[in-house]
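This briefing goes through selected features of one protein model, grouped by topic. Please keep the sequence and the structure in view while reading.

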Amino acid sequence: MRLLLIGCEYTGKSTLARNISRWMIETMGVSLVRWHDHFVVPRLDGHTIIRAEGSDASIGKTEHDLNTEEDEEQIMSLRPNVLEQLQRHNIWRHLHPRLLEVDDVLFVNFYYAEAVYAPLYHGYGEPDSFADRYERAREWDEELLAYAPDMVLAHVTADPAAVAQRMATRPRVRGILKQQDIPSVLDRFREEYEAGLIERKFTLDTTDTTPEQTLGQFVDLIRPHLSEVDRQRMR
């Protein structure tokens with residue numbers, strides 16, 4: 001499966017990603033599902049990994065290889081132009097053809113988050129600047145589609161009040177989103193979704209749905225876009 005989940009924090013992307021992983025394990029027989037979800041500062045390392053029961057499959061990294069809290073503090077202290085360069089290299093690394101040619105390529109937010117969050121919170125990426133993330137996002141769309149033309153874009157959204165309630169109920173350590181920015185961030189992700197060059201796409205609104213209902217909607221919407229490899233594994 002080739003899938004890119006995008007959306008504001010607290011819309012349910014992480015929960016959906018875990019549920020999709022379990023669905024893939026149950027229906028496709030895979031032993032490990034890995035999501036590249038390390039693009040929102042300061043979390044630039046590690047992956048969300050879901051393993052089948054009893055599986056010892058590994059991607060190679062251990063806890064020793066991952067960033068520490070001190071490392072993340074250093075990342076947050078970088079000057080904007082240095083952080084921009086670090087993120088640009090991080091994104092290009094994940095557009096490498098060898099990474100995109102495997103059966104399952106799963107991203108959360110990726111460079112779409114840069115287009116939304118960098119100008120708002122990190123001091124770079126404004127329109128008409130060298131680091132213009134609005135323009136670069138479309139360039140990266142083209143690069144992604146060159147190696148993964150069957151990529152699917154899924155926009156996960158919710159009502160601003162629902163996002164604010166979730167944020168207040170389950171605050172995250174070093175969470176990037178500020179409450180006053182919720183409506184504008186939701187709008188920006190919608191704008192990026194609409195402007196994106198990925199043609200296989202759909203939106204999931206989690207405002208009034210349970211995680212199980214959202215997964216059911218996802219399964220219905222993703223079926224037309226499943227690869228032949230996916231369909232063979234399901235058979």
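Leaving aside neighbours within four places in sequence, which residues is asparagine 67 in contact with? The contacts of asparagine 67 are Leu44, Asp45, Glu72 and Ile75. The model is a predicted one, and a search of the whole structure finds 18 salt bridges in it. The points below start with asparagine 67 and then turn to other sites.

**Contacts of two residues**

- Asparagine 67 sits in the loop between β3 (48–51) and α2 (69–76).
- One of its contacts, aspartate 45, is 22 residues from asparagine 67 in sequence, while the C-alpha atoms of the two are 6.2 Å apart in space.
- Asparagine 67 has a relative accessible area of 31%, so this residue is partly exposed.
- Threonine 214 belongs to helix α9 (residues 211–222).
- With residues up to four places away in sequence not counted, threonine 214 touches Leu16, Leu204, Thr206 and Thr209.
- Threonine 214 counts as buried because its relative accessibility is 5%, and the cut-off for buried is under 20%.

**Salt bridges between distant parts of the chain**

- Arginine 2 and aspartate 150 form a salt bridge in which the closest N and O atoms are 3.2 Å apart.
- This pair links distant parts of the chain, with the two positions 148 residues apart: arginine 2 is in strand β1 (residues 2–6), and aspartate 150 is in the loop between α6 and β5 (152–157).
- Arginine 2 has a relative accessible area of 15% and is therefore buried.
- A salt bridge also joins glutamate 192 to arginine 138, and here the closest N and O atoms are 3.0 Å apart.
- The partners again come from distant parts of the chain, 54 residues apart: glutamate 192 is in helix α8 (residues 182–195) and arginine 138 is in helix α6.
- Both glutamate 192 and arginine 138 are buried.

**A salt bridge within helix α8, and the network**

- Arginine 188 forms a salt bridge with glutamate 191, with 2.9 Å between the closest N and O atoms.
- Both residues of this pair lie in helix α8, where arginine 188 and glutamate 191 are three residues apart, about one turn of the helix.
- Arginine 188 counts as buried because its relative accessibility is 14%.
- Glutamate 191, at 37% relative accessibility, counts as partly exposed.
- A network of salt bridges links Arg138, Asp141, Arg188, Glu191 and Glu192.

**Surface patches**

- A patch of negative charge on the surface is formed by Asp128, Glu135, Glu139 and Glu142.
- Within this patch, aspartate 128 is located in the loop between α5 (110–122) and α6 (133–147).
- Is aspartate 128 buried or exposed? Aspartate 128 is exposed, because its relative accessible area is 80% and the cut-off for exposed is over 50%.
- Leu78, Val82 and Leu86 make a nonpolar surface patch of about 180 Å².
- Leucine 86, a member of that patch, is part of helix α3 (residues 80–93).
- The relative accessibility of leucine 86 is 35%, so leucine 86 counts as partly exposed.

**Backbone geometry**

- Most residues other than glycine have a negative phi, and most peptide bonds are trans.
- The peptide bond from valine 41 to proline 42 is cis, and its omega is near 5°.
- Proline 42 lies in the loop between β2 (32–35) and β3.
- Phenylalanine 110 is not a glycine, yet its phi is positive, near 45°.
- Phenylalanine 110 is placed in helix α5, and at 0% relative accessibility phenylalanine 110 counts as buried.
- Arginine 174, also not a glycine, has a positive phi of about 60°.
- Arginine 174 occurs in the loop between α7 (160–169) and α8.
- With a relative accessible area of 35%, arginine 174 is partly exposed.

Note on methods. Residues are numbered from 1 along each chain as its sequence is written. This is a predicted model: local features need pLDDT of at least 70, side-chain atom pairs count only at pLDDT 80 or more; totals for chains, interfaces and linings use all residues. Side-chain values use heavy atoms; hydrogens and water are left out. Patches are made of residues with over 30% relative accessible area and no salt bridge: like charges are joined within 9 Å, nonpolar side chains (Val, Leu, Ile, Met, Phe, Trp, Tyr) within 5 Å. Accessible areas come from the Shrake-Rupley method with a 1.4 Å probe; for residues, only the protein chains shown count as cover. A salt bridge is a side-chain nitrogen of Lys or Arg within 4 Å of a carboxyl oxygen of Asp or Glu. Lys and Arg count as positive and Asp and Glu as negative; His and the chain ends are not counted. The place of a charge is taken as NZ of Lys, CZ of Arg, CG of Asp or CD of Glu. Helices (H or I, at least four residues) and strands (E, at least two) are DSSP runs, numbered from the N terminus. Buried means under 20% relative accessible area, exposed over 50%, partly exposed in between (1.4 Å probe, protein chains only). Contact means heavy atoms within 4.5 Å.
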